[in-house]
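The following exercises concern side-chain geometry in a single protein chain. Each consists of a task and a solution worked in steps.

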Amino acid sequence: MSVLTSPPMLSGSGEKISRRRGWRAKAAGVVLAALALTTGVAAPAPAAANPYERGPDPTNASIEAAQGPFATSTATVSRLAVSGFGGGTIYYPTTTTAGTFGAISIAPGFTATQSSIAWLGPRLASQGFVVFTIDTLTTSDQPDSRGRQLLASLDYLTQQSSVRSRIDSGRLGVVGHSMGGGGTLEAARSRPSLQAAVPLTAWDLNKNWSTLQVPTLVVGAQADTVAPVASHSIPFYTSLPSTLDRAYLELRGASHFAPNTPNTTIAKYTLSWLKRFIDNDTRYEQFLCPLPSTSAAISDYRGNCPHNG
């Protein structure tokens with residue numbers, strides 16, 4: 001049987017090839033330099049890719065859509081299987097080829113269960129996040145307790161859950177409604193390593209968040225009579241450090257319970273904020289800076305631009 005082999009390399013041919021390649025590279029460099037001198041335009045450098053970007057380039061239509069580019073699945077977590085919070089539902093992208101994802105825990109408000117904020121779970125997960133909508137230990141838990149429970153749920157999510165291998169434990173955020181929104185602020189103050197916080201029509205007796213270091217989007221509702229913006233959301237926002245990446249979005253004509261049903265404005269800006277700061281995805285900066293204008297959906301918007309993070 002004959003065996004095919006590569007033809008023998010002639011003595012010295014490797015050096016010649018190497019020298020020839022080196023000469024060509026130098027020649028190419030000279031040509032590019034000459035081009036830069038004659039045109040006054042520097043040769044373009046390759047853009048640094050963000051390893052945390054997930055999904056296609058966003059558009060206004062894509063961030064307002066009820067379904068994002070990722071197919072999702074769910075995992076139910078019994079309260080009997082965890083400690084420190086009341087269990088919940090995990091929504092996650094099913095792909096195993098897109099890398100790990102940032103993760104978010106979402107807490108409901110006073111007397112409410114996870115069902116009251118369940119619509120946000122699959123909506124955010126389909127845009128490229130692992131999302132945990134949680135139940136609290138009791139429905140009457142106060143904001144400081146809800147903050148601790150949000151952190152306990154993130155620890156479970158990243159260390160023990162069935163989807164922990166899908167999560168980048170360094171890219172985490174918190175969201176919450178009403179007292180869960182107060183819990184969001186409490187959690188962010190307690191754990192400055194979090195990447196983003198979004199309190200939705202938040203309620204908390206504490207009005208001073210001057211030590212909070214986590215980029216925060218405060219969402220208030222113009223017609224909120226449970227947590228009026230004048231005594232809750234606006235003071236929360238204004239007490240945040242002026243050097244912090246922060247924003248205040250006020251929903252025109254909306255009530256305290258606006259976050260309990262699908263809301264395009266809440267989803268659009270919550271998603272953009274989470275993408276921008278958890279994924280460091282500057283493709284979403286366009287939806288946050290320049291600051292959005294008032295409109296039929298927005299009665300007030302404040303914040304700092306451009307963002308620091």
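Leaving aside its neighbours within four places in sequence, which residues is Thr 136 in contact with?

**Solution 1.** The model is a predicted one.
Step 1. Locate the residue: Thr 136 belongs to the loop that runs between S4 and H4.
Step 2. List the partners: Thr 136 is in contact with Arg 79, Gly 86, Pro 108, Asp 141, Arg 146 and Gln 149, once neighbours within four places in sequence are left aside.
Step 3. Assign its exposure: the relative accessibility of Thr 136 is 5%, and buried means under 20%, so Thr 136 counts as buried.
Step 4. Examine the polar side chain: it reaches the backbone oxygen of Thr 138, at 2.9 Å.

**Exercise 2.** Classify the aromatic pair formed by Phe 132 and Tyr 156, and place both residues in the chain.

**Solution 2.** Step 1. The total for aromatic pairs comes to nine. In the pair of Phe 132 and Tyr 156, the centres are 6.2 Å apart and the planes stand at 40°.
Step 2. Planes under 30 degrees apart would count as stacked and those over 60 as edge-to-face; the pair of Phe 132 and Tyr 156 is tilted.
Step 3. Phe 132 is in strand S4 (residues 129-134) and Tyr 156 in helix H4 (residues 143-159), so that the pair links distant parts of the chain, 24 residues apart.
Step 4. Phe 132 has 0% relative accessibility and therefore counts as buried. Tyr 156, at 13%, also counts as buried.
Step 5. Ring pairs extend the arrangement to a cluster of Phe 85, Phe 132 and Tyr 156.

**Exercise 3.** Describe the pairing of Tyr 237 with Tyr 248, and identify the charged group that sits over the ring of Tyr 237.

**Solution 3.** Step 1. The ring centres of Tyr 237 and Tyr 248 are 6.1 Å apart with planes at 35°, so this pair is tilted.
Step 2. Tyr 237 lies in helix H6 (residues 233-239) and Tyr 248 in strand S8 (residues 246-251); the two are eleven residues apart, and the pair links distant parts of the chain.
Step 3. Tyr 237 and Tyr 248 are both buried.
Step 4. The charged end of Arg 246 sits over the ring of Tyr 237, at 4.5 Å from the ring centre. In another such arrangement, the charged end of Arg 54 sits over the ring of Phe 101, 5.9 Å from its centre.

**Exercise 4.** Determine how Asp 204 is accommodated, given that it is buried yet has no salt bridge.

**Solution 4.** Step 1. Asp 204 is found in the loop between strand S6 (196-200) and strand S7 (216-221).
Step 2. Lys 207 is the nearest side chain of opposite charge, 6.6 Å away. A salt bridge requires a separation within 4 Å.
Step 3. A polar atom of the Asp 204 side chain has the backbone nitrogen of Asn 206 at 2.8 Å.
Step 4. Not counting residues up to four places away in sequence, Asp 204 touches Pro 143, Gly 182, Glu 186, Trp 209, His 232 and Phe 236.

**Exercise 5.** Compare the salt bridges Arg 283 to Asp 57, Glu 64 to Lys 268 and Glu 186 to Arg 189 with respect to sequence separation and exposure.

**Solution 5.** Step 1. Side chains of opposite charge can pair when their charged atoms come close. The whole structure contains twelve salt bridges.
Step 2. Arg 283 and Asp 57 meet at 3.0 Å, N to O. This pair links distant parts of the chain, 226 residues apart. Arg 283 counts as buried at 15% relative accessibility, whereas Asp 57 counts as exposed at 60%.
Step 3. For Glu 64 and Lys 268, the closest N and O atoms are 3.2 Å apart. Glu 64 is in helix H2 and Lys 268 in helix H7, so the bridge ties together parts 204 residues apart in sequence. Glu 64, at 31%, is partly exposed, and Lys 268, at 11%, is buried.
Step 4. Glu 186 and Arg 189 meet at 3.2 Å, N to O. Both lie in helix H5 (residues 179-190), three residues apart, or about one turn of the helix. Glu 186 is buried at 11%, while Arg 189 is partly exposed at 31%.
Step 5. Salt bridges with shared partners join Glu 53, Asp 57, Asp 281 and Arg 283 into one network.

Definitions and conventions: Residues numbered from 1 in each chain as written. Predicted model: local features only at pLDDT ≥ 70, side-chain atom pairs only at ≥ 80, totals over all residues. Heavy atoms only, no water. Phe/Tyr/Trp six-rings, centres within 6.5 Å; stacked < 30°, edge-to-face > 60°. Helix = DSSP H or I, 4+ residues; strand = E, 2+ residues; numbered from the N terminus. Buried < 20%, exposed > 50% of the residue type's maximum accessible area, 1.4 Å probe, protein only. Lys NZ or Arg CZ within 6 Å of the ring centre and 35° of its normal. Lys, Arg positive; Asp, Glu negative; His and termini not counted. Polar contact = N/O pair within 3.5 Å; in protein donor to acceptor, adjacent residues only side chain to side chain. Contact = heavy atoms within 4.5 Å.
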